[in-house]
Amino acid sequence: MKTTTFALAAVSLLQLASAQPFRVRHAHQHAKKDVVVTVVNTVYAAATAGPNVIVYVDGDGKPYSTSTEGVAAAPVSTAAAIVAQDVQSASSVAPVVVPSASASAASSSTSSSSSGFGFSYSPYNSDGTCKTQGQVTTDFNAIPSGYGMVRIYGTDCNQVTTVLTAAKAKGLKLFAGVYDITQVSTEIALIVKAANGDWTSFDTISIGNELVNAGSATAAQVVAAISTARSLLKTAGYTGSVVTVDTLVAARSNPSLCDNSDYCAVNCHPFFDGGVAAAGSGSFLTTQIPTLQAVLSNKSQRIVITETGWPSRGDTNGNAVPSSENQSAAISSIKSAFTSSPSNVILFTTFNTMWKKNTAAQFNAEQYWGFLGSCPSG
């Protein structure tokens with residue numbers, strides 16, 4: 001694995017402000033049990049970035065979950081790697097009571113100022129090309145009121161600027177992201193350029209998404225990137241939260257990811273557990289959170305679920321059945337479980353992502369996680 005030492009004088013931030021955005025895509029991984037992770041090819045509608053598919057199989061070699069991982073280079077033609085992971089089964093940990101939002105308030109940063117549930121958004125057309133400002137605005141105009149924050153994953157497609165503009169118009173906070181931690185200084189420069197000295201609409205900036213769970217980086221490498229990003233952002237006048245995002249399972253096995261973040265940010269999808277019906281999604285999350293909290297240095301650290309949801313179409317995964325009715329039931333269950341702390345949940349995702357590729361290994365559901373259905377702008 002290529003490693004990079006992250007060190008850059010503050011003056012470099014200004015020199016990089018005009019750098020071009022990266023053609024990368026959101027990647028999310030899910031691990032439930034002891035798994036074998038196989039990296040294989042996939043084909044998207046656009047050839048702008050060659051993503052990989054991460055396929056999770058159980059001890060019998062049966063696939064039960066996959067995800068995509070964007071890469072900057074052209075795709076390879078054969079399987080790239082097999083990584084074995086030992087992951088503690090979530091079902092082996094006894095449920096405990098989730099602390100209230102007030103119990104975690106002492107450790108939260110400016111992100112506590114946002115209210116309402118959050119949602120994630122992807123600024124890509126169905127063919128994988130970048131959406132214009134007008135298209136992004138059209139999409140946001142279709143999102144009902146009551147939400148407090150929008151999450152994006154990277155800096156390609158000028159998305160920090162386009163989504164920030166649309167978010168401001170609706171009074172939403174922005175959860176921005178650095179996708180590639182080997183290019184942390186350049187991506188931070190793009191975020192700084194989009195902010196243009198005004199950080200009031202920025203809630204959080206994440207450094208990487210599920211990198212440890214995917215085997216793309218070690219916890220130590222991610223922690224180093226957080227430190228570099230935090231320093232660069234402080235120099236630029238940002239005083240909000242800086243975190244990394246990984247799966248709940250990966251963070252539980254690597255608590256330093258949370259210990260070095262301003263709050264603990266984790267993705268957790270009941271659907272990929274396979275043993276949870278849609279209506280049980282909320283209770284699944286509230287059962288899992290304390291198992292993570294128990295291993296943190298600060299037991300009262302705020303924990304935010306930065307991705308969770310349910311697909312409306314696809315193949316059944318054990319007790320998890322994709323359907324429009326079940327998607328509604330899952331979202332309702334999640335919202336009910338977090339009624340007193342909605343800002344601690346980001347729903348995945350607003351609109352169906354037709355730029356992705358469905359496969360049987362992904363339960364043929366990868367395109368259909370949008371809880372608002374089809375994307376208005378295409």
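Okay, let's start with a torsion: the link between Cys130 and Cys157 is left-handed, with -70° about the S-S bond. In sequence terms, this pair ties together distant parts of the chain, 27 residues apart. Cys130 sits in the loop between strand S5 (117-120) and helix H3 (133-141), while Cys157 is in the loop between strand S6 (147-151) and helix H4 (159-169). Before I go on, keep in mind that this is a predicted model.

So how far apart are the sulfur atoms of Cys130 and Cys157? They come out at 2.0 Å, and the two form a disulfide.

Now, are the two ends of that link buried or exposed? Bit of a split here. Cys157 has a relative accessible area of 7%, so Cys157 is buried. Cys130 is at 30% relative accessibility, so Cys130 counts as partly exposed.

How many disulfides does a search of the whole structure find? Two. The other link joins Cys258 to Cys264, with S to S at 2.0 Å. Here both partners, Cys258 and Cys264, are buried.

If you like connectivity in shorthand, number the bonded cysteines of the protein chain in sequence order and you get 1-2, 3-4.

Two more cysteines for the list. Cys268 is at 8% relative accessibility, and because buried means under 20% relative accessible area, Cys268 counts as buried. Cys375 is at 17% relative accessibility, and Cys375 counts as buried too, because that value also falls under the 20% cut-off.

That's the cysteine tour; happy to pull up any of these on the screen.

Definitions and conventions
Residues are numbered from 1 along each chain as its sequence is written. This is a predicted model: local features need pLDDT of at least 70, side-chain atom pairs count only at pLDDT 80 or more; totals for chains, interfaces and linings use all residues. Side-chain values use heavy atoms; hydrogens and water are left out. A disulfide is a pair of cysteine sulfur atoms within 2.5 Å. Helices (H or I, at least four residues) and strands (E, at least two) are DSSP runs, numbered from the N terminus. Buried means under 20% relative accessible area, exposed over 50%, partly exposed in between (1.4 Å probe, protein chains only).
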